[in-house]
Amino acid sequence: MPLQGGLGLAFEKGDERVAVFIIDEEAVKLRGELIKRLMKASRGENFDLVYVAAPKLIATVLDASVFVELGVGLLVVGENVVEAAPAKKRSQPIIGEDLRRRLMRLEERIDALEAEEARSEGVESLTERITRLELEVEALKDNISKSLRRLDATLSGILAKVNALEEVLVSLKRVKMPAVSVKEPGLEPGVTVADEGLPSFFKDNPWLKILSSKGRES
Amino acid sequence: MSEVYKRKYTFGEDYGTSDYKFGPITLGERPEVIENRGYFPDTSSIMFKLMGVKKDVIVGKDLAVHLGSREELTSHLVYPMRKGVVDRGDEKAWKVIYEITRYGLDFFRQSDPDFKGFYVCAALSAIAPRYMYEKIFEIHRKIDEETKLIKAVTIIPQPLAVAIAHKVPTCIVIESGHGNTQVCPISRYPVKGAMVVLNRGGSDADALTSQILYDAGYSDIAKEEALVRRIKEALGLVPRKLDEAVEVAKQKPELFRAKYRVPGTRIEVDLGKESWARFLIGEYVFNPKHEIFKSYFKRGMPKPKDVKVGEILFRGMLDLGESVIESVEKCPIELQPYLYGKVLLSGGNFHWRAPPQFREVAVDSATKLKLLLAEKGVENVTVEVAPEPKFSVWRGCIIYGYAVPEDYTWSWDNMEGWLRIHD
C-alpha cells in the first residue's frame, strides 16, 4: 500500500499493528517536514506500536528521551538497525471500543431486521401465491363443472337417440309379417302387390281402393 | 315419388285431447305417444336458470322432470286440445302444438340420403273449424322451413281415421276423448251435417270420480287430476242397469269392494262401503241424466251444459243412445240401415273392463250402447269397441297418407288432398 507523510512501513506482528515513520535527509531539507512527520508519528493513530527510523547522522540530533516520553520508538539506521528507544504499546481510545460495540449491535439489529423483512416478504409472497392458486382452482372447478354439464347433456342426447333407434329397430322387426295382398294405390283395381313390411291394418282394407282413386273419380 | 317411398315415409299425427300419437308407417302397429301438453316454466326462477333450459315451452317425455309446484301447474301447464277446439288467438296453445309437432318429426329424423321429407297425415277433431286447419298447415310449413322434414301434408277428421283403421267405409264412429264426444256418420267421408257433438268426455267421468273420492274421505287425492284418472280407469265399471248394479253391490260389499294401490307409492285407495259408487263412473259416460246424479250436481259438481262453439252445438246431457239415433236420422233414409250396421267406439273413454266375476251386473261399452239403443227401439245394431282405440286414429292417418295419390292436391271445398310443402 502507498505510504504517505513519511510513513515508511506498516505491518502486523501477531495482534499488533506496527508503523515506522522515516526521518530522512529530505525531511530535514524541506521546511517544516521534519516537525510534521514527528507529529504524525507521535499521534500514531490506528497503530499499537510506532517507531521513527532515522540515519545515524540525523539521529544524533534527536533527543531519545523525548521519544521515550511520547512512547514512540527510535530506530537508528546505520550499517545495522539499532533500537535506540523502544516503542510503547498504545491503548486504543475507549470511545472507539464503545463505538465498535454499538456498531456491532447495530449491525446485529440490522441483520435481524433484514432477516425479519426477508421473512415477511416470504409470507406475503406465499399469501399471494396461495390466493392465485385458489383463483386458479376455482376457475378449474368452474371449467370442469361446465364441461361435465355439457358432457351430461351430450350423453343424454345420445342416449335418447339410441333409445329411439332401438325402438325403431324393434318396430321394424315387428312389422316383418307374412306377405298378404292389398291393392297398390294408383293401380287399377284387381292389380295387387305384396304388402311385405306394411302393418296388419292394411290387410283387406277396402279404404285402400277408395282412397287411391281420389282425384280420379271423373 | 314412388309407392315404395310412401311405404317408408308416410307419417301419422293424431292430436288427441290428452295424448299426441305420432310416427312413421315403419312403426308398424303402434305409434309413439306423448301427452298433448306443454309446460311454460317460470323463466325468472332460480331452478329454471340452474336447469339450463333454453326453451320457453317444454314438451315430450322429459316434461315431467321440469314440473314445478302443484299451485304452479294450473297456470304453467297447457293442454291445447282439451276441448277439441283451439281458439284462434290462444298463442300459448298454438305454441305447444308447434313444439309437439316439431318434437314428433324430429324424433324420427332420417339419415337416409334418399329421404326427401315425410308425407304427413294429421288428424283433428271433427269439430275443428277451418282456421285450425290453416294453423296446422302453417305450423308444418314453418317446421319444414327449419328442418326439411315434410314433403306434403294433409288433414283429416279423427272419426274418418277411425273408420279407415277399422276397414269400414260406412258406419257411425263415436270418438270420445277427454273433453268431448263426437258421433259422426261416415259414408266414404264424414257426413258433417249429421254429426252430433257432446259437451262431455273423459274429464267429466274424472270429475265424478273426484267427487266419489272426496265422499270416501280422500279429499287430498281428489285434487290430483292424473291420479284421479288412473283410479277411474282402475275402479270404474259400466253397469248393465245402474239401479240393479248398485243394489247388488250394496248387498255384496266385499265382492265389489273397490281397492287400488298406486304403483310405486304407499298410497292405497279403498272405497269400502262406498264401493257401489264405482258403477256411477261408467254410467255417467253413457247416461248422465240418471236421477242419482242430481245430488252430485247439487253439491257443486259441474253439470255438462249445451254450448255453441262457432256453428256447432255441443250437447250436454243427451245420452249416448239418443245421440246415435239423432245423428243417424239426419242422414238419408236408405243410408240409415248401413249406419246402424256398424257402430265403432273409439277413444280412451270407452276402454272399460267387465271382469268375469261382475258379469251379472257389469258390461263393456259396446253392450251398454246396444242396451241404450234397444231401450229406444233400435235393435240388432252391431257395436264394436276398437281393440286398441288409443291408436285407431293414427292407423287411419297412416292408411290415408299412404293411399291418397300424391298428385291429388288440397281442396278447401272438399277439405281433402295433399298440400305440397316442398318439392
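I began with the sheet in chain A of this predicted model, and found an open sheet of 5 strands in the order β1-β2-β3-β4-β5, with mixed pairing. Looking for its limits, I noted that β1 (7-13) and β5 (81-85) of chain A are the edge strands, each of which pairs on one side only. I then looked up the twist of this sheet, which averages 25° from one strand to the next.

Next I turned to the pairing at β5 of chain A. Strands of a sheet pair through backbone hydrogen bonds, and they do so either parallel or antiparallel. For strand β4 (residues 73-77) of chain A and its neighbour β5(A), I recorded an antiparallel run joined by 4 bridges. Following one residue across, I found that Val77(A) has Val81(A), in β5(A), as its bridge partner.

I also checked what covers the strands in the middle of the order. Helix α2 of chain A, residues 33-43, lies across β2 (16-22) and β3 (49-55) of chain A, and I noted its direction as about 170° to β2(A).

For chain B I kept to totals. I counted its secondary structure as 15 helices and 19 strands, and of its 423 residues I found 59% to be buried. What share of the contacts in chain B with a separation of 6 or more comes from residues 24 or more positions apart? I entered 69% for these pairs. Last, I looked up the surface of chain B, which exposes about 18,200 Å², and noted that carbon and sulfur atoms supply 50% of that area.

Notes: Residues are numbered from 1 along each chain as its sequence is written. Chains are lettered from A and ligands numbered from 1 in the order in which they are written. This is a predicted model: local features need pLDDT of at least 70, side-chain atom pairs count only at pLDDT 80 or more; totals for chains, interfaces and linings use all residues. Side-chain values use heavy atoms; hydrogens and water are left out. Two strands pair if DSSP finds at least two bridges between them. Helices (H or I, at least four residues) and strands (E, at least two) are DSSP runs, numbered from the N terminus. Axes are lines fitted to C-alpha atoms, for helices over the stretch in contact, and angles run from 0 to 180 degrees between N-to-C directions. Contact means heavy atoms within 4.5 Å. Buried means under 20% relative accessible area, exposed over 50%, partly exposed in between (1.4 Å probe, protein chains only). Accessible areas come from the Shrake-Rupley method with a 1.4 Å probe; for residues, only the protein chains shown count as cover.
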